[in-house]
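The report that follows describes how the chains shown here are built and where they meet. Please keep the structure in view while reading.

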Amino acid sequence: MSDLNTAMIEKYRSSFLKEVEANVEEGEWVKMCMQCGVCSGSCPLGKHWEHPPQEIFMMIRAGKREDVLSSDSMWMCTSCYNCIARCPRGLPITHIMHGLAVYSKRLGLTPQKQPTAEFSQIFWDNLMKKGRVNELKLGLSMYFKDGFGQGIKNAMANQKLGQNMMKAKRMNAMEFFGGHSVKDLSGFQKIIKKAQEIEAGNIKDFK
Amino acid sequence: MTEVIATNETILVVGGGISGMTAALEAAETGKQVVLVEKRPYVGGRVTQLYKYFPKLCFPTCGLEINQRRAKMNPNLNIISMAEVTDIKGEAGNYTATVKISPRYVNENCTACGDCGKAVEAEFDDEYNYGMGKRKGAYLPHRMAHPQRYVLDSAIIGTDDAQKAKDACKVNAIDLDMQEEVIEFKAGAVVWATGWKPYDANKIQPYGYDRIANVITSVEFERMADPNGPTGGKLTRPSDGKEVKSVAFIQCAGSRDKNHLLHCSRICCMASLKQATYPADDVPITIYYIDIRAIDRFEEFYQKVKAQENVKFIKSKVASIVENKENGNPTLHGVDTEGYNRYADEHDLVVLAVGMEPSVDKASFPVEITINEEGFIEPAPENGGVFAAGCSSDALDVNRAVQHATGAALRAIQVVNRVAATEG
């Protein structure tokens, strides 16, 4: 369990709802949910969620901290915005789901091998190297994330797609060697470093 | 030419539904001069279209008869039907109202014998039955209509039908030369009682009212249940005319929703509970709700309906309705709140418990008035001598609308009494 997680449990011992309101993007909306269920019913991926949004909101209010933060549910959101469009109370449900995912990631509670979480990490690492996404390496990292054997299988299965992308100049094989970059890479890295410092500072304040 | 004798001590009532009628009668019975302007060809408004009242399940025709009798007997009350107030100028104690009167083409000789209706051929959607069923081009709007006088649809004027109607009339009641009139008269105070209209169910896109035949609104279901209604009191499916074997009610269809009506319409829970008593007791009924708002003394009625063996409650706002193309059954999709179970339930007929919205929109008020964000009239000093009554002030049931209208009548009486005191 991460230090931050321990600190947060200590701080918000009595109310997970308060913790969510203070630390999760748009978390202050959670208490506005009237449990009508339109979000869950309107979600195109709804049946794949362990806990639909309306249940997540109720769990937050019921103080089910571990169950919510280590849940796979909010990672299933594809940002289609159906729930936001239909919510009779105007809750920014999509944003809250992303906020919960980010918070669970920060606390180190995200379930292992959650594909969306894994992809997000790979995307971030890829982007940080050059300040630009290297499409080729991003694809390869995804193919090989579950080992070399599986990677080869994935690559073979998607061979045609890769070739077509090359033909359409959407991907360049030369990207494998280094790849393109932002003009001022060190400047970019400084910006990110500073942002991370600010964020870490915020986390310190929670204690 | 319609003659209206009115002074600054006259009370103008705009709208002759249950609220307007109540305000007009209460004021007239205290001895005040009252002019009631009603847009429809008859008074009584939407209450005339109800089959039963909640919670007693008695018939609105009963109270309507009493009110109509009071109206007939009172010489202080002047009812102008088929008329609309287009302008009001002045201030409390001294208003001038402009009223546009549409031609009825039938004068007071009419005995409502129905010969003209039989003679004409053209048929139109029957607005009294919310477009379910047809009426003739010469028609009595409904059996108890007051005034008890036929109307010629303006669309048949200038056609052979108009002449046929005139020829059929034995009492010389049809006057095809009637013209639209615009009259002006004075009033000291105004009671604004323009009422409500059902929220347009087409706007609730996921419920498919516009594309699924067996999805209807609560006001349509009410007409269907009435033995004098378009189906003779049989609850049938619009798609194939078969008697319904299962009914679902969807609550908050348009209400309590920032995409539609912000407010709780208050009556829909009770209306659906009432309507759940209409089908035979072997017809399964499912009510989908967010929470049941049966306030105060209505709780008992809710418990009574809840105890009905054929009635089931599902705590969930339905997310969408899809039609089963094979049998025309609407399939309801959603997730319930008691267990978070995903359902796809098929029913014969789905009734949308549509919300109430003010019948006059913000831009169309002919007089300076304070409106809240839901479109209802606020009791503000800036309104001067204009007082809202009934559903123009809020979403109310009949009982509360009548109480509110009585209060509005009193406010109007106070204004004209002040006028009387200064004029001596």
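## Two hairpins in chain B

In this predicted model, β18(B) and β19(B) are joined as a hairpin with 6 residues between them, and in its turn B:G339 has a positive phi of about 115 degrees. The two strands, of which β19 of chain B covers residues 342-346, pair in the antiparallel sense over 5 bridges. Within this pairing, B:L332 of chain B stands opposite B:D345 in β19(B).

β18(B) also pairs with strand β17 (residues 320-323) of chain B, to which 4 bridges join it in an antiparallel arrangement. One of the residues involved is B:E323, whose bridge partner in β18(B) is B:P330. β17(B) and β18(B) likewise form a hairpin, with 6 residues between the strands, and here B:G328 takes a positive phi near 75 degrees. β18(B) is thus described by its pairing with β17(B) and by its pairing with β19(B).

## The contact between chains B and A

Which strand of chain B provides the largest share of the side that touches chain A? Across the contact as a whole, 17 residues of chain B meet 16 residues of chain A. On the chain B side, the largest share comes from strand β18 (residues 330-335), which contributes 3 residues. The strand that pairs antiparallel with β19(B) is therefore also the one that gives this largest share, with strands taken as DSSP runs numbered from the N terminus.

By class, the side of chain B that touches chain A consists of 5 nonpolar, 6 polar and 6 charged residues.

## The make-up of chain A

Chain A, the partner in this contact, has a secondary structure of 12 helices and 0 strands, and its elements, read from the N terminus on, run α-α-α-α-α-α-α-α-α-α-α-α. Along its principal axes, the C-alpha trace of chain A spans about 55 × 40 × 30 Å.

Of the 207 residues in chain A, 28% count as buried. When the contacts in chain A with a separation of 6 or more are considered, 61% of them are accounted for by residues 24 or more positions apart along the chain.

## Domains of chain A

Chain A is divided into domain 1, which comprises residues 3-111, and domain 2, which comprises residues 115-199. The C-alpha centres of domain 1 of chain A and domain 2 of chain A lie 29 Å apart.

Definitions and conventions
Residues numbered from 1 in each chain as written. Chains lettered and ligands numbered in written order. Predicted model: local features only at pLDDT ≥ 70, side-chain atom pairs only at ≥ 80, totals over all residues. Contact = placed C-beta atoms within 7 Å. Nonpolar A, V, L, I, M, F, W, Y, C, P; charged D, E, K, R; others polar. Buried ≥ 20, exposed ≤ 12 C-beta atoms within 10 Å, placed from the backbone. Domains from an automatic or database assignment. Pairing = 2+ DSSP bridges.
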